[in-house]
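This report describes selected features of one protein model. It is intended to be read alongside the sequence and the coordinates.

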Amino acid sequence: MTHGKVWPAHPKPLQDELLSSWIVRIAQANVIKLQTLSRMLFGENLSPWMRDIDRTPPPWLLNTFCRYTGTNRQTVGRATLETYKNRLFANNRVSGHQQWILTLSQAGTNRYAYGQQYCPVCLAEDSVPYFRKQWRIAVFTYCPIHQVELHDACPECKKPVVYYRVDFGRDIKDALPIYACHACGYDLRESELRSVYFPSGELQRIFNKLSVSLIDAKQGGKRFDLGFFDVLHQICRVMGTRQNHGMLLKYVSDRMLWVKKISIPTGWITIEERRREERHVWMMCALWLVVDLKNRLYQAWLDKAVRYNLLVKDFEGAPIWFREEVKRMSDPRKR
């Protein structure tokens, strides 16, 4: 199979499709197990599935699939999370946490973190089911198209979603479809549909616009630029840090009259490591502050919900407009 110019079946990446999802579909279209295909291409000691190829794809992987599918490098590159550079983060990190990219925490070819989300309606409506890039972004807690909560685990066995393992340990004739849970076989398209909750119409409109801006960069404009997402991420970090003791999170949620109260631990747990339910609360609170930062964050400081020095701690790339607002708190002449 690997010796021809182009494989018999060579589907192209679909709209917003993840690289790993595309590769799984290529193997299934050619009726070959994914591990078998990987060994044929890269040998026994170079498995792509022991790393997060969607986040940091090695050139040898991209070049190989470009060659055998007749797909240009630019198209394949658009299937990686590197396309969010200068939109969600300034630099690609080879290791450690990447700002706004959900963590997978791999152990060999398996995963134990809940960094892969999905919308059951999208999977059910797809003529060819596949996994989207947006489902790996911490900002996304719901589907902006169907207005339902995303899932980050199999509802049946509670295991993380690892769709590239659907044929692991199985004969090719028994391989599961990409929309099935690799562990128990549950059809993820049948997952419960839960309407997403917003504490106000204002936040729902802003969150929808923000989501659309990430799916379609042309609709982002200046409002949702890198500086905006940097500040939003910093606010999320401050709300979760031990130095703040959860005061800012409680302050904001109390003012939004948050109906659904959940216990959210603080400490060294980044928003990229948190489960969907926690992230949704986090995002609502941070957005509420950022959309009227001049008044709301200042009032939060006046009410002693946050110290001004904590707002710029470890935030070297803070936008000028954010630094000016924090400076107003520290300078009595500007109050």
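At 63% relative accessibility, His-245 counts as exposed. The model is a predicted one, and this residue also stands out in its backbone: although His-245 is not a glycine, its phi is positive, at about 55°. His-245 belongs to the loop that runs between helix 7 (226-240) and helix 8.

**Positive phi in a second loop**

Lys-304 likewise has a positive phi, near 65°, and is a residue other than glycine. The loop that holds Lys-304 lies between helix 10 (293-302) and helix 11 (308-311). With a relative accessibility of 68%, Lys-304 counts as exposed.

**Helix 10 and its surroundings**

Lys-304, with its positive phi near 65°, follows helix 10. Within helix 10 itself, the residues Leu-293, Arg-296, Leu-297, Tyr-298, Ala-300 and Trp-301 are buried. Which elements cover these buried residues of helix 10? The cover includes helix 6 (201-215), helix 7, helix 8, helix 9 (276-290), helix 11 and helix 12.

**Salt bridges**

In general, side chains of opposite charge can pair when their charged atoms come close. The count of salt bridges in this model comes to 16. Three of these pairs are set out below.

| Pair | Closest N to O distance |
|---|---|
| Asp-174 and Lys-173 | 3.3 Å |
| Asp-254 and Lys-250 | 2.8 Å |
| Arg-328 and Glu-325 | 3.2 Å |

The setting of each pair can be described in turn. In the pair formed by Asp-174 and Lys-173, Asp-174 is partly exposed, with a relative accessible area of 40%. Its partner Lys-173 is exposed, at 66%.

Asp-254 and Lys-250 lie four residues apart in helix 8 (residues 247-255), and are therefore separated by about one helical turn. An α-helix has 3.6 residues a turn, so residues three or four places apart point the same way. Of the two partners, Asp-254 is partly exposed, with a relative accessible area of 34%, and Lys-250 counts as exposed at 52% relative accessibility.

Arg-328 and Glu-325 are both located in helix 12 (residues 320-330), where three residues, or about one turn of the helix, separate them. Arg-328 is buried, and Glu-325 is buried as well. Elsewhere, Glu-149, Glu-192, Arg-194 and Arg-276 are joined into one network by salt bridges that share partners.

**A buried lysine without a salt bridge**

Lys-133 is placed in the loop between helix 5 (120-125) and strand 3 (142-143). Is this lysine buried or exposed, and which side chain of opposite charge is nearest to Lys-133? Lys-133 is buried, and the nearest side chain of opposite charge is that of Asp-16, 4.4 Å away. A salt bridge requires a side-chain nitrogen of Lys or Arg within 4 Å of a carboxyl oxygen of Asp or Glu, and Lys-133 has no salt bridge.

Other polar partners are present. The side chain of Lys-133 reaches the backbone oxygen of Arg-78 at 2.7 Å. That side chain of Lys-133 also makes a polar contact, at 2.8 Å, with the side chain of Thr-83. Apart from neighbours within four places in sequence, the residues in contact with Lys-133 are Asp-16, Glu-17, Leu-18, Arg-78, Ala-79, Thr-80, Leu-81, Thr-83 and Tyr-84.

**Cavity and pocket**

How many cavities of 30 Å³ or more does a search of the whole structure find? The search finds one. The largest cavity holds about 40 Å³ of space. Its lining consists of Arg-55, Thr-56, Leu-81, Glu-82, Phe-89, Asn-92, Arg-93, Gln-98 and Ile-101. Leu-81 of this lining is also among the residues in contact with Lys-133.

The largest pocket has a volume of about 760 Å³. It is lined by 28 residues, of which Arg-93, Gln-99, His-233, Arg-237 and Asp-314 are the closest to its centre. Arg-93 also takes part in the lining of the largest cavity. Helix 7 gives the most to the lining of the largest pocket, contributing six residues; helix 7 is also included in the cover over the buried residues of helix 10.

Notes
Residues are numbered from 1 along each chain as its sequence is written. This is a predicted model: local features need pLDDT of at least 70, side-chain atom pairs count only at pLDDT 80 or more; totals for chains, interfaces and linings use all residues. Side-chain values use heavy atoms; hydrogens and water are left out. Helices (H or I, at least four residues) and strands (E, at least two) are DSSP runs, numbered from the N terminus. Buried means under 20% relative accessible area, exposed over 50%, partly exposed in between (1.4 Å probe, protein chains only). Lys and Arg count as positive and Asp and Glu as negative; His and the chain ends are not counted. A polar contact is a pair of N or O atoms within 3.5 Å; within protein, one must be able to donate a hydrogen and the other to accept it, and residues adjacent in sequence count only if both atoms are side-chain atoms. Contact means heavy atoms within 4.5 Å. On a 1 Å grid over the protein atoms alone, a cavity is a set of points where a 1.4 Å probe fits but cannot get out, and a pocket is an open set with protein on both sides within 12 Å along at least five of seven lines; lining residues have an atom within 4 Å of a point. Grid points are joined across faces, edges and corners, and a volume is the space filled by probe spheres set on the points.
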